[in-house]
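Reader: I have a structure open in front of me and would like to learn how to read it. Could you go through it with me?

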Amino acid sequence: MDRRNFFKIVSTVSAGVATTACSSNKSDALTPLLVPEHEIIPGEEQWHPSVCSECSAGCGVIVRIMEGERIIERSGQKFRERVACVKKIEGNPLDPVSGGRLCARGHAALQSLYNPDRVRGPMRRSSERGKAEFHSISWSEAIATVADKLAQAHSSDPAGILFLTTPQAGTRTLTIQHFLASIGAPPPLTSSIAAFASERKAADMAFGWKGLPRYDLAHARYALGVGADFVSGWVSPVYYARQFGQFRQGRPGIRGKLVHADSRMSLTAASADEWLPLRPGAEPHFLIAITRLLLDEKLVRNASQLPAAVNDSIARANLPDLIRATGIDEARIRRVARELGESEAPIVIAGASVLHTNSVQALLAAHYLNLLLGNIGQTGGVLPPYPRPVSFPESASPQNPNIAETLKRAQLLMLDGDNPLYSLPKGSGIAQALTNIRTIVSFGSFIDDTAAYADAILPDHHALESESALIPAVANSSVAINIGVPFIRPLYDTRAIDQTLGELAQKINAPFETVSARNLVTPLLETGETWDQIARQGGLWRENGAATPGSKPLFEKLEWGDAAFDGTPDQFPFIFQPYPSLQYQDGRGANLPWMQELPDPTSSSMWGVPVEVDAQTAVRLNIATGDWVRLESAHGALEAPAYVHPAALPGVVSMAIGEGHAHYGRYASGKGANPLSILAPVWDHSTGALASGATRVRLARLEKKPEELIQFSPSDREQGRWGYR
Ligand code: SF4
């Protein structure tokens, strides 16, 4: 869709944007409600720009609303009330991230707006922590109660105030950062596995880049993916799926080749021309072997830029040992290295969809490899992050090596959609830490595992009911800020978090100012641009300028070692890989019925995720798809159905993250198992992030079969040739 057509469809809304954005005079006639089709009055649709907040990618969306009516009863009398019904969410075609597309979770954001389990107003805990029992209170009581606790924590030690939020950058994060600064508390952190802390750390170490590098896959000819499931749950799925489409089919006569090295046949591996089954934790070995082969065969373009110490380390490496560690045939590695070196536009996209203790080393090695390929800052290569006015929340504080340690020292915990009780393993002592925290306050829209421990809930509006500006994780532009202004009245008695924080700050006389989307955008406007124009199109974007000149490496050392695994191979013979999936990513999508219903791309399972078991192990342990198995680590156990995956690596079992919430509404509570819960508390020391791939487990078939594994695909259901029994 071009700009002209875009403005045709949003033209009916522009006045609404101006009204809601420029004044507080919102239309009282518009109250959101998911109205059945037969109750909709046939009429004109309106499309309104907004932002998707279902993950940190920050896609711009447009929202279709239609006018409807419902019957309400007041004082025994029935009334007809006009309502604005949100019917559909699509990608904003002007947004450089989504380009008019969305992932499944973006479409399902409709179900978070109209979710029957949304918190409808302020509440106070009415029984013991963790039981998720609350009763309603007024906003004045809620503010007074929390302000009192905040004042106590503030006067005793502001360092004991911990704010956990989602890994997004935008006005919300900036507002929280300002609030914490105003009370002298440390900056917000996140426990989510989708913070991509290692990717940001390696980019910072290699080039001093602050943020996530952008891989210009669309203009590359040959791509080597390593550990980054970039068309599924990694960094920005819609952006990279679009880039991948362009790489494959967007250029007449050119079809890019993707080779993907990964320890699981992920969605990216399944979409590749060739998959290299890599041993878990051998990513640095693989990347250094490829680099060494390129240097030996003189297939690099930029050898002079490689720091001498890095060159020496690679030259001293024992190539046969490196290749042996990968588990991949030497001839294949040599061929891939040659193809990569000979391509006219090669790129290496490395990430840590499953985090190992040596992932930062692997990502650093990938940056040096791209440097040697001469693609840093070049079209079709690795582009630096675009400048952003907001930083991402980190996974650890400077004082504490990881979030679990930070939580143990907290006196007052504030939660904004972050769910550490789900994201952190039981072995980290998270449940005890939550029990010991004096006061817990949640601003979330749902009662999740951790919010069930809260003393008070002060619910925020839904993203579609709020004003916000989100800065996308990656975008093909030099400036990208996606903007949503409210166009429907909040459905429930919720309050914008900046208003709530403002009132709390006022109660303790803290000098706090909120950050609005308009405040963030206005200084960036150029002559002739107005805030109303930007709000009407849903964002401020600037085209990429000329390709950035190659960046010089800052870090002049390359070390690597084997990944650490908790548990001995004789007691725990399998390496366990919990991975972020398309449906649930870090677990947040599990309360959306469309996501529960979406067939898993690998197993086609619905309303549950199985444990992926390789065929040899399945034969040995007499496991068939649909049998129940028990996975046990030194730190816990879970039970789940098995899926015999013909492409799973022997000795490696994998499971999507998402199920197994103790509390998260009717669609997710008490369903399935949480793979993160049984992990060893092993952390990546350079970032403080949980090393999600560092746990060994044992596997046993269970005799009982408490539930059927529901599979969409008939061949999967019938097991067919993969039944193994
Ligand atoms: S990638 Fe993230 S931000 Fe974009 S549509 Fe999907 S869930 Fe929303």
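Reader: Let me begin with a pair of strands. In which sense do S16 and strand S17 (residues 477-484) pair, and over how many bridges?

Author: Happy to help, and keep in mind that this is a predicted model. Here is the general idea: strands of a sheet pair through backbone hydrogen bonds, either parallel or antiparallel. In this case S16 and S17 pair in the antiparallel sense, over three bridges. You can look for Leu470, which stands opposite Asn482 in S17.

Reader: Which strands make up the sheet that S16 and S17 belong to, and in what order?

Author: It is an open sheet of three strands, ordered S16-S17-S18, with antiparallel pairing. At the edges are strand S16 (468-470) and strand S18 (539-543); each has a single partner strand, so one side of each is left without a neighbour in the sheet. From one strand to the next, the twist averages 20 degrees.

Reader: And what is the strand order in the sheet with parallel pairing?

Author: That open sheet has four strands, in the order S10-S9-S8-S11. Its edge strands are strand S10 (274-277) and strand S11 (346-350), each pairing on one side only. Here the twist averages 15 degrees from one strand to the next.

Reader: How many bridges join S9 to S8, and how many join S9 to S10?

Author: S8 and S9 are paired in the parallel sense over five bridges, while strand S9 (residues 257-262) pairs with S10, also in the parallel sense, over four bridges. For examples, find Val226, whose bridge partner in S9 is Ala261, and then Val259, which stands opposite Glu274 in S10.

Reader: Which way do the side chains of S8 point, and are these residues buried or exposed?

Author: The general idea first: in a regular strand the side chains alternate between the two faces of the sheet. In S8, Tyr222, Leu224 and Val226 point one way, Ala223 and Gly225 point the other way, and all are buried.

Reader: Why is S8 described as largely enclosed by the rest of the structure?

Author: Because five of the five residues of S8 are buried.

Reader: Which helices lie across S8?

Author: Helix H9 (residues 283-296) lies across strand S8 (222-226), S9 and S11, and runs at about 150 degrees to S8. Helix H13 (residues 359-372) lies across S8 and S11, running at about 170 degrees to S11.

Reader: Now for the ligand. How many residues surround it, and which are the closest?

Author: Reading a ligand site starts with listing its neighbours. The ligand is surrounded by 13 residues, and the closest are Cys52, Cys55, Cys59, Cys103 and Gly106. By character, the shell divides into eight nonpolar, three polar and two charged residues. Helix H2 (104-107) and helix H7 (237-249) each supply at least two residues of this shell.

Reader: Which domains does the shell around the ligand draw on?

Author: At least three of its residues come from each of domain 1 (3-117 + 463-493 + 515-543) and domain 2 (222-290 + 303-366). The domain assignment of the chain also gives domain 3 (574-722).

Reader: How many residues of domain 1 are in contact with domain 3?

Author: 11 residues of domain 1 are in contact with 13 residues of domain 3. On the domain 1 side, H2 and helix H3 (109-113) are the elements that give two or more residues. The residues of that side divide into five nonpolar, three polar and three charged. Remember H2 from the ligand: this helix also supplies at least two residues of the shell there.

Notes
Residues numbered from 1 in each chain as written. Predicted model: local features only at pLDDT ≥ 70, side-chain atom pairs only at ≥ 80, totals over all residues. Pairing = 2+ DSSP bridges. Axes fitted to C-alpha atoms, helices over the stretch in contact; angles between N-to-C directions. Contact = placed C-beta atoms within 7 Å. Near = placed C-beta within 6 Å. Nonpolar A, V, L, I, M, F, W, Y, C, P; charged D, E, K, R; others polar. Domains from an automatic or database assignment. Buried ≥ 20, exposed ≤ 12 C-beta atoms within 10 Å, placed from the backbone.
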